[in-house]
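Work through the exercises below with the sequence and the model beside you, and try each task before you read its solution.

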Amino acid sequence: MVNSPTLQQAARYRAVIAGTGSAVPDKILSNADFTRMVDTSDEWITTRTGIKERHIAGQNDTTATLAAEAARKALDDAGMDASELELIITGTITPEMVFPATACFVQEMIGAVNAWAFDLAAACSGFVYGLSIAQQFVSSGRYRSALVIGAETLSRITDYDDRGSCILFGDGAGAVVVKAAETGSLGLMYSTSFSDGRGWTSLNCPAYGSRNPVGKPLDDPKMVYMNIHGREIYQLAVRRIVELVNECLEKCDLTVDQIKMFIPHQMNARIIESVGKRLNFSDEQTFINIEKFGNTSAASIPIALDECRRLGKLQQGDIILLVAFGGGLTWGANVIQL
Ligand code: ACO
């Protein structure tokens, strides 16, 4: 079934998913809440995006606290102590601070004293990029374990006066423990990643950074918020996700019906449905939970994967396909046998 030398079989060890966890803040913003904030309706939001509600960080929630909670649950699920971790990667575009890395805060919060830790800024592709990096380190035998996290507090960079974007985003974190194994399922079979910096204008948050530092007057005060060109992104996302899935199927010598679950970045239910239809995934094979969480960027896939597992939809040996597209532009995918 698997015949490419680029796949996990050719590697020294199998990089297997040993545990998953997720965390979202308690506070919820429903579509009805948005009708009191901007000129919108439940009907518009539901039909255009599939979103019904999203979790929003409270005063005491930060990207690192959510990430650490998800990490503890993933470690618990894996039956591992934090001190066994050798690497922590956190995908985020809403870091705890400019520096140090959010991953270092997580390391301190969970007591992963033997790990090195860094952040990865690839917007919605942060988690799939992170898994592909962990795969390299673990399958080569360099490390026995890694923790990959996607965590965001997008509410902190959302313009709640802009009805075109504010209804989309939520906060949360998801985490996965990757471990080296010599036998059992294949684990991470294939990862692929792409970027196109020319597309940065379509999705960005321009301030504050080196180009627009604190203290320099901004051309537009809204530059501190996410700026999205939704229609442009919609069309590109559909195209790139279809390409990614076809590449994964070809490289792994798999057919659509061999994929137990297609878990795409939760950007817009209409995008997911349209991609699913083009690729002939059935509704049962396509995991959508955007109605409860909105778009949580790097956190969306690990939150979905964790929910999918906890709902009992996945068994050992099942093959799953994770696919993301986001700001950068960035896009990527992972094929995993659980
Ligand atoms: N309620 C009511 N009307 C609205 C709302 C709203 N919340 N938002 C926009 N409208 C109006 C617009 O003003 C426009 O009105 P007009 O025709 O009178 O000018 C009309 O609805 C259509 O607006 P569009 O922006 O063209 O709507 P579209 O169908 O493209 O849907 C959406 C917008 C949902 C954002 C869609 O383009 C999308 O999902 N894009 C991809 C998602 C995306 O970019 N995500 C960002 C990822 S970034 C990250 O994850 C960090």
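A residue is called buried when its relative accessible area is under 20%, exposed when it is over 50%, and partly exposed in between, with a 1.4 Å probe and protein chains only. The model is predicted, so that local features need pLDDT of at least 70 and side-chain atom pairs count only at pLDDT 80 or more, while totals for chains, interfaces and linings use all residues. Residues are numbered from 1 along each chain as its sequence is written, and side-chain values use heavy atoms, with hydrogens and water left out.

**Exercise 1.** Decide whether Ser139 is buried or exposed, and find what its side chain reaches.

Solution. Begin by placing Ser139, which lies in helix H5, residues 126–139 (helices, H or I of at least four residues, and strands, E of at least two, are DSSP runs numbered from the N terminus). Next, compare its relative accessible area of 8% with the cut-off, and Ser139 is therefore buried. Finally, follow the side chain of Ser139, which comes to 2.6 Å from the backbone oxygen of Gln135. This is a polar contact, a pair of N or O atoms within 3.5 Å, where within protein one must be able to donate a hydrogen and the other to accept it, and where residues adjacent in sequence count only if both atoms are side-chain atoms.

**Exercise 2.** Determine where the buried residues of helix H4 lie around its axis.

Solution. First list the buried residues of H4 (102–110), which are Thr102, Ala103, Val106, Gln107 and Ile110. Looking down the axis of H4, one finds these residues within an arc of 145 degrees, so they line one face of the helix; the arc is that of the directions from the helix axis to the C-beta atoms. As a general background, an α-helix has 3.6 residues a turn, so residues three or four places apart point the same way. Just past the end of H4, Gly111 has a positive phi of about 80 degrees.

**Exercise 3.** Compare Asp253 and Ser297 by their phi values and their burial.

Solution. Start from the general rule that most residues other than glycine have a negative phi. Asp253, in the loop between H7 and strand E11 (261–264), has a positive phi near 55 degrees, and Ser297, in the loop between helices H9 (290–293) and H10 (300–310), has a positive phi of about 50 degrees. Then turn to accessibility: Asp253 is partly exposed at 41%, whereas Ser297 is buried at 2%.
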